[in-house]
Amino acid sequence: MPPLRYLLWLAPYLGAALGFDYTFPDCVNGLLRSNAVCNRTQDAPARAKALISMFTDDELMANTVNLSPGVSRLGLPGYQWWSEALHGVASSPGVTFAASGNFSSATSFPEPITLGSAFDDPLIKAVADVISTEARAFNNFGRAGLDFFTPNINPFRDPRWGRGQETPGEDPFHISQYVLNLVDGLQGGIDPTPYFKIVADCKHYAAYDIENWEGNDRTSFNAVVTNQDLSEYYLPSFQSCVRDAKVGSIMCSYNSVNGIPSCANSYLLQTILRDFWGFNDDRWVTSDCDAVDNIFSTHHFTSTYAQAVADALKAGTDIDCGNTYAEHLPEALNQSLITRADLEKALIRQYTSLVRLGYFDPPDVQPYRQLDWSDVNSPNAQQLAYQAAVEGIVLLKNDGTLPLDTSIKKLALIGPFANATTQMQGNYQGIAPFLISPLQGAMNAGYQATFVAGTTISDTSTAGFAAAVAAAQSADAVIFAGGIDDTVEHESGDRTTIVWPGVQLDLIAALEAVGKPLVVLQFGGGQVDDSALKNNQTVNAILWAGYPGQSGGTAIFDILSGKASPAGRLPTTQYPAAYTDQVPMTDMSLRPSATNPGRTYKWYQGTPVFEFGHGLHYTTFNVQWQHTPPTQYNIASLISDASSDSPLDLATFDTFDITVQNTGKVTSDYVALLFVNSTAGPAPHPNKQLVSYSRLHQLAGGSNSSASLSVTLGSIARADTEGNMWIFNGSYQLNVDTGPALLTHQFDLVGQSVQITHWPQNVTSNSAV
């Protein structure tokens, strides 16, 4: 929601004294004790139905909003459905941090864009497990809900998007694997029994990646998207989240898709979500906050609020994050636009979910109910936050200056991020137990560090340059820490350019003239054009850190000093600045055209500054096939060999085993990225597409390790114009790594091309597509 409305909405819930007071129903001595909702021998839907059948019409309508009042006459307490935990338990209407002492903080991991650059699925699951453990501990003491509006899995399609930092990157296959592991860790397993740990919420469904770009506001924007792009790019992450990870909830987005607001879009919420992906009735859909209101007020999709809430409810939006349902559902019911059965369906979905979370069950039979403050910010959590930051940092450029020579003792830390603390958390953050700035990281690493900001992120004054240059002249080496932050990229605001803001590049140029070793630390979720730095020999190294979280400063200086080695990979394409003049954000198409140079590494026809997957090391690697892969695959055999127990797109195409040798002297991780490219199928053809990846850990110099890169049929498939996925016959090439591939292999797919999925068509679409 827009900033002012967000603050007004948030204000009543912040602060220790003003937080929502969570309590559990009393199924032992309370009014509900004789209701079947308290009967643990019945299944969750039956228990929820027994409860909801007791509600009056008015009580049903009152409890369709995120701040549900409950039903006091039944002994059902109120409940706040809106809590946040994007990269740690976060400040939100449903989360209350104490002013001090117990529950005054929670582990603050790197932003998802930095987590995504680690390309380490087990790490993502481990991080999610810690977050959900801490979330449950908060809930057990009335400081958080059981449902968390996370993760954001919209692909980072356009570098100008203000919320790209919340996502793992631009590639749909990568995001699909990320969310599968994240939801697994958050919810305590894949569709776990007997209890969910917490319920995650995959957002924002669908084709949402504009905040406010040149007057195109997210609350009224109509995303015109072809079925081909929906199937192949915008929705694979949601399919993985819903069908494969079995997420407990989904958030419909602010925008319209092909003329219909997402929260009133039965094609999205019923045809695809529930019918095609199997999102069943023990899971629920929430609107983004005030998105139901926007159906009428900004999209002008209906002529009345009553019709807007009816459209949303009947399409499948079960919870209104806002007050529009509570205010206008009575009108809709009186006008026979909805029925009691429609209301019951929504409430049964919500409370079935709470039953599966153990909300109505005694705490002594639930391990999650035993978690407490001692389970928050544990030593393991602290180590994991540090590890995640190290793994996510990407070395973009290095002429050998890094790691810093041991003769370097005195550092000048210059720039708007040099002493950053909360700035390094990014958005949707909580209160961290500690925050280690780059300056503190340098001092903890044993350096004599002098800090001079020199400028702010967007300031155009050069008044601070002289002090910065003087500090550089007295140092053995210069570290410039800058980039972009939440003042530049943020919710409700997109960028119009992707250049370095303010006079940061001018300050770097002044530092170059000093003639000392110069390292640039680049922060921020969205990329900025580094051409001037990449092509300048006096800039010795560039390190991208995104938003590295509570231990960011330690992780950065462990890498700069050589205590740790960089092995992260860019999860997005870094485009030249001219890209923003070549295509408007509102053009949702991916493929190149006369008015679009193509989007993401798959389709971009220009030369990126740094490509998707780029990342340097302090050592060198050699990669070989353990066994030479086949040169031919029969499509019919691949289909017939697939298991009938899972969707065909998840069937194994082949597993490619590689041996990775560290041919240098420095111990390092290595991320194996496996791409495929082909001219098979209809033109245009993607440049390449990621089909598998694996992170190998701590390869010592001269040692070998192996990785098994499993490739599914779905990952090598492409969508036709209707969104159906096909395995096309023709010639293909595998490539390990980016740039000049370390290893390649050519093979042919022979036989008739085969359709492996049937994308549901929207027979009632208002789309012009």
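**Turns, bonds and packing**

Visitor: Which loop is D191 found in?
Guide: Helices (DSSP runs of H or I, at least four residues) and strands (DSSP runs of E, at least two) are numbered from the N terminus. D191 belongs to neither kind of element here, as its place is the loop between α6 (172–187) and β3.

Visitor: What kind of model is this?
Guide: Residues count from 1 along each chain as its sequence is written, and side-chain values use heavy atoms, leaving out hydrogens and water. Local features need pLDDT of at least 70, side-chain atom pairs count only at pLDDT 80 or more, and totals for chains, interfaces and linings use all residues, since this is a predicted model.

Visitor: Back to D191: is it buried, partly exposed or exposed?
Guide: D191 has a positive phi of about 50° although it isn't a glycine. Buried means under 20% relative accessible area and exposed over 50%, with partly exposed in between (1.4 Å probe, protein chains only). At 27% relative accessibility, D191 counts as partly exposed.

Visitor: And Y428, is that one buried or exposed?
Guide: Y428 is another non-glycine with a positive phi, about 45°. Its spot is the loop between β12 (410–414) and α15 (438–444). With 13% relative accessibility, Y428 counts as buried.

Visitor: Where does the cis bond from K203 lead?
Guide: Omega is near 5° for this peptide bond, and that bond is cis. The residue on its far side sits in strand β3 (residues 201–205). The bond runs from K203 to H204.

Visitor: Which loop holds P684?
Guide: The peptide bond from A683 to P684 is cis too, with omega near -5°. As for its place in the chain, P684 lies in the loop between β20 (668–678) and β21 (689–699).

Visitor: Which helix gives the most to the largest nonpolar core?
Guide: A nonpolar core is a set of buried Ala, Val, Leu, Ile, Met, Phe, Trp, Tyr and Cys residues joined through side-chain atoms within 4.5 Å. The largest one has 196 residues, and those with the most contacts inside it include Y205, F360 and L411. With nine residues, the top contributor is helix α5 (residues 121–140).

Visitor: How many residues does the other core have?
Guide: This core lies apart from the largest one, and L638, I658, Y670 and A672 are among its members. Its size is 37 residues.

Visitor: Which phenylalanine does L411 touch?
Guide: Contact means heavy atoms within 4.5 Å. Leaving aside residues up to four places away in sequence, L411 touches L404, A442, Y447 and Q448, among others. Its contacts also include A475, A477, I479 and F557.

Visitor: How far apart are the axes of α11 and α12?
Guide: Y305, A306 and V309 are among the α11 residues that meet α12, where T324, Y325 and H328 are among the partners. Helix α11 (residues 305–315) and helix α12 (residues 324–334) pack at an angle of about 100°. Their axes are 8 Å apart.

Visitor: Which residues of α8 does α7 meet?
Guide: Helix α7 (residues 227–234) packs on helix α8 (residues 236–244) at about 60°, with axes 5 Å apart. Axes are lines fitted to C-alpha atoms, for helices over the stretch in contact, and angles run from 0 to 180 degrees between N-to-C directions. From α7, L230, S231, E232, Y233 and Y234 meet P236, S237 and F238.

Visitor: Which residue stands opposite A223?
Guide: The strand order is β6-β8-β9 in an open sheet with mixed pairing, where two strands pair if DSSP finds at least two bridges between them. β6 and strand β8 (residues 256–257) pair in the parallel sense over two bridges. Opposite A223, in β8, stands V257.
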